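Reader: I am a first-year student. Please take me through the salt bridges, one pair at a time.

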Amino acid sequence: MKFIVSTTSLLRNLQMVNGVISTSTVLPILEDFLFEISKNSLTISGTDLETSISTSLEIESKAEGKVAIPARILVDYLKTLPEQPLTISVNDDNYSVEITTDRGKYKLNGENGSDFPRIPVAENTSELSMSTGILQKAINKSLFAVSNDELRPQMTGVYFQLNNEGVTFVATDAHKLVRYKRTDTTVKDAASFIVPKKALNLLKGILPGEETQVQISYNSSNAFFSFNNINLICRLIDARYPDYNAVIPTDNPNELLVNRADLLNTLRRVMIFSNKTTHQVILKLTGNSLNVSAQDLDFSNEAKEDLDCQYSGEDMEIGFNARFLQEMLQAMDNEEVKIELSTPNRAGILLPTESEEGEDLLMLVMPVMLS
């Protein structure tokens, strides 16, 4: 088996697949790329058994076959090469791989491609199409709120809720919650599933910058994301997602309007002086003044800042984890943010004052009880 391929093209495709490959695995072959050659096409795949990525590119070859090649050494080697054609030969008897350049020859041991784990294929799936811009935005606005608690697996991914009214993306770790809706993408038959955090992080990294359509297929066990000759397949989290609507307070008589960048910069400064365990900041609202303060009694650190705002409601003090507020404000991209509050022991709601057509964003953050 022998083929010729461009260094740059090969490296670019390998780097897309490389993110899924684990270096600490019980199956050594999972540290490999699977190369499958069919006429003038090379398909490269990688998997950790939960998530798989495959991509294809054009090559010069008359052969057909497959081989598993160690990922780390191949990527490290290709990074050192200038753009040039590579000739890669595979011994069909012992799967040794020889790479020939204009200046040298390099050999490494491959493995039988038939021993590589089977990549799931889309069977009995439902489908929807979504632009890369919408999907990228949904991931950026929700992924930070996903839980890392393996004891609650249903919260370690983003919940996709699909129906004829739109698509809703939900993420929560019980301290913060994000609900991002799109009414410009719909499906006939209602469905819901939970996509793991790792898969979405990988997808976020390989989505193209230019606008294109992503085909999303799903069945009871897997989700398939396809675009530009790239396929990402992930096993869905088999668990029931909590009733997130039940925790969103609807009666919030106190309303704060404040410049998002100003509040974000204030939090960045003030939280430096907060307790390193709770990261607590206190928002004190009186009239059209917002006072943001923090203190760390163990080290006698203290900070206070005043911000201009528009506030309608009763005077109140409420504590929040500054990190959670910071993450939420960073995930927003509008100039002004609206914060709805009811009492100091109930969740605060963050909303953008302006949204693009077809989108609806709500973020919720639980308060920290004031001592």
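Author: Here is a close look at the salt bridges.

This is a predicted model, where local features need pLDDT of at least 70, side-chain atom pairs count only at pLDDT 80 or more, and totals for chains, interfaces and linings use all residues. Residues are numbered from 1 along each chain as its sequence is written, and side-chain values use heavy atoms, with hydrogens and water left out.

Side chains of opposite charge can pair when their charged atoms come close. A salt bridge is a side-chain nitrogen of Lys or Arg within 4 Å of a carboxyl oxygen of Asp or Glu. The structure holds 18 salt bridges.

Start with Glu98. Its side chain meets that of Lys105 in a salt bridge, at 3.9 Å from N to O. Glu98 also pairs with Lys107, at 3.7 Å from N to O.

Now for accessibility. Buried means under 20% relative accessible area, exposed means over 50%, and partly exposed lies in between (1.4 Å probe, protein chains only). Glu98 has 21% relative accessibility, so Glu98 counts as partly exposed. Lys105 is at 60%, so Lys105 counts as exposed. Lys107 is at 69% and counts as exposed.

Next comes Glu340. Glu340 forms a salt bridge with Lys338, and the closest N and O atoms are 3.8 Å apart. Lys338 counts as partly exposed because its relative accessibility is 22%. Glu340 counts as buried because its value is 16%.

Salt bridges can also link up. Lys137, Arg182, Asp184, Glu356 and Glu359 are joined into one network by salt bridges that share partners.
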